[in-house]
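Okay, thanks for coming, everyone. Let me put the thing up on the screen and then walk you through it.

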Amino acid sequence: MRRPRTGVLALLLPAVLLPAACGVRPSGVVEVGDPALVQTVPDAAHGGVAVYLKGPDGVLPVIRDTEGKATAGRAVMMLFDGPRDADRAAGLTSELPSYFGAMGMELDGTTVRITVYRPVRDFSAVARQQLSCTAAHAREDSGAVTVVLKGNDTTLTLERCPF
Amino acid sequence: MIRALKRLGRIGLRARLVAAFLLVAVIAAGTTATLIYQEARSAILQQAQDTAVDQLREQIGAQKVELPMTRDSLRQLSLTVGRQGKPHPWYVYAEYGTLRASNVSQPTSALLSEDLRRRAGANPHGTFQRVVKDGKPWLTMGMPVRLGKEGMQPTQPSGIMVYAVMPLNAEEDTVQAMVNAARDGALPALAIALVPALLAARSVLRPVRDLRRAASSMGKGRLDTRIEVKGSDELADLAWTFNESARELERSVEELQKAEARARRFAADVSHELRTPLAGMLAVTEVLDEDADRLDPDTAAAVRLVSAETGKLATLVDDLMEISRFDAKAAALNLDEVDVAETIAKTLQRRRWEEEVVVGLPDGIRAMLDPRRFDIVVANLVGNALRHGAAPVRVTLRTEELPEGPRVVTEVHDSGPGLAPDVLPHIFDRFFKADAARTRSVGSGLGLAITLENVRLHGGTVRAANHPDGGAVFTVVLPLRPPVAEPLPGEPLSAEPVS
């Protein structure tokens, strides 16, 4: 009884190893390393500001050329201008209403206060995020900025931009 | 025949050893090759994958993008990245918002799995997956693109996702080449393994063969057979033990032979020593016998008894001396060409048995015999038949052609009750008495033993049996011309009933 069993075991060893043997086998999904990093044209130093629009998977930045006047106020004004044809062609939209009225902007440390003269309570979550991210990245690269939005109905402290 | 079949069905030691060696070689080579192969394959693939993912990341990082991307700029990006793909051109599928563009005609690829898309979209990491489609291996990669500079945190999503697909043909060829190399290397390795296998088998088999030869040689009686002890392994131990046993056996046999020789010499010496006084006694008893009539009856009876017993003693001593000569191999055959029928007739006549014996003796059978010994043989058998069997006793003579050569067959057949079956095997033993009640018979108890020795000396056989019609039959078969060489001792002598 003992001998055949040993023999079978000896024969099994290569048999166990063989199935994993030949050719290139499929694999699961493997994550390796960082994502690719690119720079935009024009960048912030050359008057580019990021305006956040709604894409298929959340808000995305598009770069507007301010021709040298890259300020936070300008960025927020360009956001209120809404998406352009090229943005729409790529499926980007904005949930902010068009607003061409007066706008106040106050910078206080890491806090940006924006004052618009219209109701802001009905701004959707995406709209608030668009505003928060646009204001934050126009102000500072890190985006660690608190944005306070004051309308003529209420004052909202917007959630920080996640990026 | 059966042995040959058995040998065929049995796997020999050599075959087993060689098979074991080859099995070990196969297992060792197979296991090693498989492990090396697996390691090498994963190393080859790992390098190809890492290089490809790194390159994809680098190629994309070298680009400057305008956001939002347009269909044209997206296609431009995929073309630029795809062109620089190494070591093989890549199929690049770039996605932005709802835009899809690629460097080939289809904007997306079926090779990209849902899982890859989900994982690449969910986590800011490069991802890859090997897929096999229609037997061809592909490397698919997903690379999310983010805005930022190397070493600066945090980064922002750009909304651009680049997928690249690269054939793994070259890697598969390399892997296949390793398999081929392993296979091509394994066969010669097995062939080489055969050499030590055969050598090892030989080194084991040679001592075994020597042992077998030595054992069979000892079985044939050559007790001085020894084996050369080589090395210090188990087989050498076995050979040493064999030699020791053989030495012991040889010594024991030698001692036994010496003891037997001593016993025989003693019997011979005793009988020889007894002969001289007996000769004197015989002479005296003859004189006393003649004068017995003149003695008073009681003394006369005593004298006759002494005379008769002395005569028997003389016969016994003569027979003992005859047997001793056979034991000492000192009995010589004095051959003479004689007419067998005439010789038998003379024997009967000399002992005055013509009236009691019926003869069937054809004339003209001539054989080379020792007339004196043949006379003893016939006289013993006929005397036995007359004493223990019953008249009529028939003596017949004939010749037979046997495969070994022509034979002269003499049969002595009595009309008595025959021999008991338990007596038959011992009938030719020395001092064997068929009739246990008659311990004091006329014979010495050596008659048939001497008959046997004489027949043997002629190279013939003697057989005792019961005739189907009743009565004992003794058959003596002698060659017409005895072989020149001395007959082998212990030639088979059968003593079995005919019926």
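**How chains A and B meet**

So, chain B and chain A bury about 4500 Å² between them, 63% of it on carbon and sulfur atoms; buried area here is the accessible area (1.4 Å probe) that two parts lose on being put together, summed over both. Before I go on: this is a predicted model, where local features need pLDDT of at least 70, side-chain atom pairs count only at pLDDT 80 or more, and totals for chains, interfaces and linings use all residues. Residues are numbered from 1 along each chain as its sequence is written, chains are lettered from A and ligands numbered from 1 in the order in which they are written, and side-chain values use heavy atoms, with hydrogens and water left out.

Back to the interface. On the B side, 58 residues are in contact with 42 residues of chain A, contact being heavy atoms within 4.5 Å.

How many salt bridges are there between chain B and chain A? One, with the usual kind of cut-off: a side-chain nitrogen of Lys or Arg within 4 Å of a carboxyl oxygen of Asp or Glu. The pair is A:E31 and B:R119, with the closest N and O atoms 3.2 Å apart.

Which parts of chain B do the touching? Several elements each supply at least two residues, among them α2 (13-61), β4 (126-133) and α5 (169-219). Helices (H or I, at least four residues) and strands (E, at least two) are DSSP runs, numbered from the N terminus. The most comes from α2(B), with 13 residues. By class, that side of chain B has 29 nonpolar, 18 polar and 11 charged residues; Ala, Val, Leu, Ile, Met, Phe, Trp, Tyr, Cys and Pro count as nonpolar, Asp, Glu, Lys and Arg as charged, and the others, Gly among them, as polar.

There's a strand pairing across the chains too. Two bridges join β2 of chain A (residues 36-40) to β1(B), running parallel; strands pair if DSSP finds at least two bridges between them. In β1(B), B:K64 is the bridge partner of A:Q39.

Now, a couple of spots within chain B. B:D327 forms a salt bridge with B:R264, closest N and O atoms 3.5 Å apart. B:D327 sits in helix α7 (297-327) and B:R264 in helix α6 (234-291), so the pair ties together parts that are 63 residues apart in sequence.

Last, two backbone oddities. A cis peptide bond joins B:L67 and B:P68, omega about 0 degrees, and B:P68 is in the loop between β1 and α3 (71-83). B:D134, in the loop between β4 and β5, has a positive phi of about 55 degrees although it is not a glycine.
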